[in-house]
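Subject: Structure handover

Hello,

Here is the structure for you to pick up. My notes on it follow below.

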Amino acid sequence: MTEACLTFKDLTLGYNSHPAVHHLNGSVGAGSLTAVVGANGSGKSTLMKGIVGVLKPMAGTCTVAPGKRVAYLPQQSELDRSFPARVVDLVSLGLWPKRGLLGRYTREDRETVREALMAVGLEGFEGRPIDTLSGGQLQRALFARVLVQDADLILLDEPFNAVDAKTIGDLIALIKRWHGENRTVMVVAHDLELVRAHFPSTLLLARRPVAWGETIQTLRPENLLRARHFDEAWHDDAPWCEPVHGHAHAPGHEHAHAHAHDGHHPHEHGEIHDRPDHESGPRAA
Amino acid sequence: MYDLLIAPFVEFGFMQRALAGSLLLALGSCPVGVFLMLRRMSLTGDAMAHAILPGAAAGFLLYGLQIVPMTIGGLIAGVIVALGAGAVSRFTVQREDASMAAFYLISLALGVLIVSLRGSSVDLMHVLFGTVLALNDNALTLIALISGTTLLTLAIFWRALVAECLDPLFLRSVSRFGTPVHFVFLGLVVLNLVGGFQALGTLLSVGLMMLPAAAARFWTARVEPMIALAFGFGAVSCIAGLLISYHASLPSGPAIILSAGTIYLASILFGTRGVFNTKLRRHRHRTA
């Protein structure tokens, strides 16, 4: 087993005491390329926010291995496109982890930015105001910023939304390049064909993890069916989720069980690792 | 020509002080105004100007018309309102416009109440509309310190401030500067308004902050030139306002702000990104 880049221990993330990611256990190996799939409201974006640390866990922990730098491309960017900035200014933000608040941008840094723009097919766009970019061009520019960030763990939240086929192809090529450079990449995606074609491993979420492992195994019809049938609503009268089971499992032991509180709203807790030697997806109890 | 433009500043000490004070003020508050505008907080300056009133009034109540206690009082009140409104918007569901409005209204009511405890409406007018023609050494030093501090702080936090405006979520994902830089910036807003209230009064100091910035937006699509231009407009407004005030015996504060307002109106029409250029050019386009 490769070393873990990212470890979830009983991670629960959510809003207003309602869980959006419920009791997630497992680890993401360094250098792995994982697709995160699931229905709307299944907790994919929430998980990304939890990993970056923008959202604090309600329970459990989410640990990025020490020394690993994280780059995050959110689904709903808070980018202010009316701000008077050029493409080069936007992409240069990616130098922050390297230069911080006061470090001067060197000639080498400017070269890095230029190369990143070239890699995403935006050469010659340096001086363009960002409010003149098309949706696809902006997405390319944001990928260039991720390139400049030179991170070990790269999180992309629905990067292929509203992007044309050619751009998707180019972005996939970049993702594969990162994978080849032994960076850890997690991508939230909806297109299962695309996931099957390009992503070795997949995490299937339905608030709880439904399956996690090799893509072909994870995206089997029965798993997809189970992922579809989750209760998307929040219930204000849902019972509190108490840690009734203080059990410790051997690491890597695949385990999933369901328990019901007060006889209604049953929910399942899953524990899965993305180790390739698992024979199957999790079993629902 | 000399009599019209130069002589008033050469012959009269109070005009020199007024010029120095208002130019120094523009140096600090115009860049702050540009960022306020770009962060869509243009009205925040106005709210903060009201918010510093109870502090200034408390200083006035205790020590009379003295710049140091009034300034310190204004600073305290401004910082409390800025921190309170900022914290409510950062850590609760309420947005900054609502929390700012709530806090400044409370503060303003308190201020009017305090002023009414002593003195007449003439005193209130003085606090509100300032006396750029009666700047003493203390006031000049204070304004110089404030604009120095402002420029230094902006230079240090420049990158974080731009990142926080451009893509706040990105900044939060790579550093912890997001929230601190917002409060540092609100601090600068308060500082410059407090610096301005002696010269122009709490109400009109917002004008010197916002009008040149708003005008500069019509001329350039980059932050650095926008700031330089805003200061240029601010400086011209100060000079023109003081001259108009001198020759026509008009109050200096409103004269300065109306000069800035004229520049703003002209920029809407004639700026490179103004009405005439963008609307008239529309019927022609390039092939690519």
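A definition before the numbers: pLDDT is the predictor's confidence in each residue, on a scale from 0 to 100. You will need it because this is a predicted model.

Confidence comes first. Chain B has an average pLDDT of 86. In that chain, 92% of the residues reach at least 70. The low point of chain B is helix H8 (residues 121–129), with a mean of 62. The high point is helix H13 (residues 223–248) of chain B, at 94. Where pLDDT is low, do not read the predicted coordinates in detail. For the complex, the predictor reports an ipTM of 0.83 and a pTM of 0.83.

Next, the fold of chain B. The chain has 15 helices and 0 strands. Its radius of gyration is 20 Å, and the globule rule gives 19 Å for 288 residues, so chain B is as compact as a globular protein of that length. The C-alpha trace of chain B spans about 65 × 55 × 30 Å along its principal axes. Of the 288 residues in chain B, 50% are buried. Take the contacts in chain B between residues at least 6 apart in sequence: 72% of them join residues at least 24 apart.

Last, the interface. Chain A puts 18 residues into the contact, and chain B puts in 20 residues. What is the make-up of the side of chain A that touches chain B? That side has 15 nonpolar residues, 1 polar and 2 charged.

Best wishes

Notes:
Residues are numbered from 1 along each chain as its sequence is written. Chains are lettered from A and ligands numbered from 1 in the order in which they are written. This is a predicted model: local features need pLDDT of at least 70, side-chain atom pairs count only at pLDDT 80 or more; totals for chains, interfaces and linings use all residues. Two residues are in contact if their C-beta atoms, placed from the backbone, lie within 7 Å. Ala, Val, Leu, Ile, Met, Phe, Trp, Tyr, Cys and Pro count as nonpolar, Asp, Glu, Lys and Arg as charged, and the others, Gly among them, as polar. Helices (H or I, at least four residues) and strands (E, at least two) are DSSP runs, numbered from the N terminus. The radius of gyration is taken over C-alpha atoms; the globule rule is 2.2 Å times the number of residues to the power 0.38. A residue is buried if 20 or more other C-beta atoms lie within 10 Å of its own, exposed if 12 or fewer, and partly exposed in between; C-beta atoms are placed from the backbone.
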